[in-house]
Amino acid sequence: MSDTTGQTIKCKAAISWEAGKPLVIEEVEVAPPQAGEVRLKIHFTSLCHTDVYFWEAKGQTPLFPRIFGHEASGVVESIGQGVTHLQPGDHALPVFTGECGECVHCKSEESNMCELLRINTDRGVMISDGKSRFSKDGKPIYHFLGTSTFSEYTVVHAGCVAKINPAAPLDKSCVLSCGICTGLGATVNVAKPKPGSSVVIFGLGAVGLAAAEGARISGASRIIGVDLVPARFEEAKKFGVNEFVNPKDHDKPVQQVIAEMTNGGADRAIECTGSIQAMISAFECVHDGWGLAVLVGVPNKDDAFKTAPINFLNERTLKGTFYGNYKPRTDLPSVVEKYMSGELQVDKFITHSVPFSEINKAFDYMLKGQSIRCIIRMQE
């Protein structure tokens with residue numbers, strides 16, 4: 001048992017005081033975990049585009065001051081009453097969504113959308129009592145996605161913490177708690193391409209590259225990347241992408257271009273941009289009779305798209321996915337094992353690494369389009 005069990009811990013955290021302004025590293029107090037909660041010592045965290053989106057306060061109700069961060073790895077420092085699947089010293093990944101194990105979604109083999117713990121971007125407090133576990137000078141600092149990993153210590157609902165193999169390097173496995181699993185799972189769990197098939201990936205950011213990695217692992221022979229930024233094509237080759245289409249290079253809809261390239265349509269398409277036009281193109285570019293398109297990107301809440309019903313009647317299928325259909329506690333340990341065995345290549349996603357004191361550099365890299373994932377070393 002840790003000598004800090006049951007006590008408030010003082011540590012450093014990167015606080016976002018207002019939208020779009022550099023984070024400020026300051027000392028905060030982190031309260032002990034309550035019933036059903038876990039306090040983690042964060043060793044490594046990485047910056048995801050979702051952090052940047054909410055830091056910029058685009059398209060949602062701003063909530064500041066706040067501690068961002070949701071892609072991370074760490075070690076359990078202490079547990080609250082009733083927590084049984086974790087013990088102090090366990091290596092773990094905190095996740096922005098959860099698995100309570102009791103609701104109809106958790107009991108279903110077909111869903112990972114836990115009723116209690118599914119993603120909530122507006123909540124800045126803990127579920128159990130509506131209070132924050134972070135404070136500075138007696139005033140609360142808001143949580144983000146129930147994780148807040150831009151802090152040396154954080155408190156998370158136990159259902160949002162996946163125990164992993166202690167032999168797994170924490171500086172690599174941290175990137176598996178969000179974006180990579182989202183893209184990877186969209187391919188291997190939902191699209192399920194067969195060996196030798198063709199897969200089109202719309203959007204070659206981190207999630208799209210993870211979807212491509214899933215296609216590579218699945219044995220797809222043609223992995224076609226679609227993006228408006230030609231500079232991304234070279235990097236994408238590392239993830240198995242072997243053909244590229246820039247819609248700006250053509251005077252016809254990109255779905256028509258792909259249909260002509262693939263003798264009537266691709267076997268699978270994964271949309272990773274959130275663009276309505278890309279969603280339409282992904283669905284309409286797959287082959288009739290068996291083609292399947294999977295939507296991953298998050299659109300604006302008021303967006304809608306239309307397509308001809310005949311596309312469905314001709315036996316094309318359209319699916320959506322959340323977090324790659326992975327149940328965090330149940331499935332993440334096996335994804336880590338895929339990395340440990342060499343089947344899943346994680347290192348190529350990591351393009352930069354900075355100490356915690358330079359966390360704002362990670363934002364600069366992402367805003368300039370220079371990074372896939374930047375690791376932030378929390379304990380230096």
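How many disulfides does a search of the whole structure find? The count comes out at 0. Keep in mind that this is a predicted model. Below we look at the cysteines, then at a sheet of 4 strands, and then at helix H4, which spans residues 179–191.

**Cysteines without a bond**

- A disulfide is a covalent bond between the sulfur atoms of two cysteines.
- To count here, the two sulfur atoms have to be within 2.5 Å of each other.
- Take Cys-114: its closest cysteine sulfur belongs to Cys-100 and sits 3.6 Å away, so that pair is too far apart for a bond.
- Cys-272 misses out as well, because the closest cysteine sulfur, the one in Cys-285, is 12 Å from its own.
- Both of these cysteines are tucked away from the surface: Cys-114 is buried with a relative accessible area of 0%, and Cys-272 is buried with 16%.

**The four-stranded sheet**

- If you walk across this open sheet, you meet the strands in the order S1-S2-S6-S7, and the pairing is antiparallel.
- The edges are taken by S1 (9–15) and S7 (139–141); each has a single partner strand, so one side of each has no neighbour in the sheet.
- On average, neighbouring strands here are turned by 50 degrees against each other, direction ignored.
- S1 joins up with S2 (residues 24–30) through 7 bridges, in the antiparallel sense.
- Want to spot some of the partners? Lys-12 has Glu-27 in S2 as its bridge partner, and Ala-14 stands opposite Ile-25 in S2.
- S2 also pairs with S6 (residues 134–136), again antiparallel, over 2 bridges.
- On that side, look for Glu-29, which stands opposite Ser-135 in S6.

**Helix H4**

- How far should H4 reach? With 13 residues at 1.5 Å a residue, the expected span is 18 Å, and the end C-alpha atoms are 17 Å apart, which agrees.
- H4 isn't perfectly straight, though: there is a bend of about 35 degrees at Gly-185.
- Of the 13 residues in H4, 11 are buried, so the helix is largely enclosed by the rest of the structure.
- The buried set includes Gly-179, Ile-180, Cys-181 and Thr-182, as well as Val-190 and Ala-191.
- Gly-185, where the helix bends, is one of the buried residues too.
- Right after H4 comes Lys-192, and its phi is positive, near 50 degrees.

Key. Residues numbered from 1 in each chain as written. Predicted model: local features only at pLDDT ≥ 70, side-chain atom pairs only at ≥ 80, totals over all residues. Heavy atoms only, no water. Buried < 20%, exposed > 50% of the residue type's maximum accessible area, 1.4 Å probe, protein only. Pairing = 2+ DSSP bridges. Axes fitted to C-alpha atoms, helices over the stretch in contact; angles between N-to-C directions. Expected span 1.5 Å × (residues − 1). Bend = angle between axes of the 7 residues up to and from the residue.
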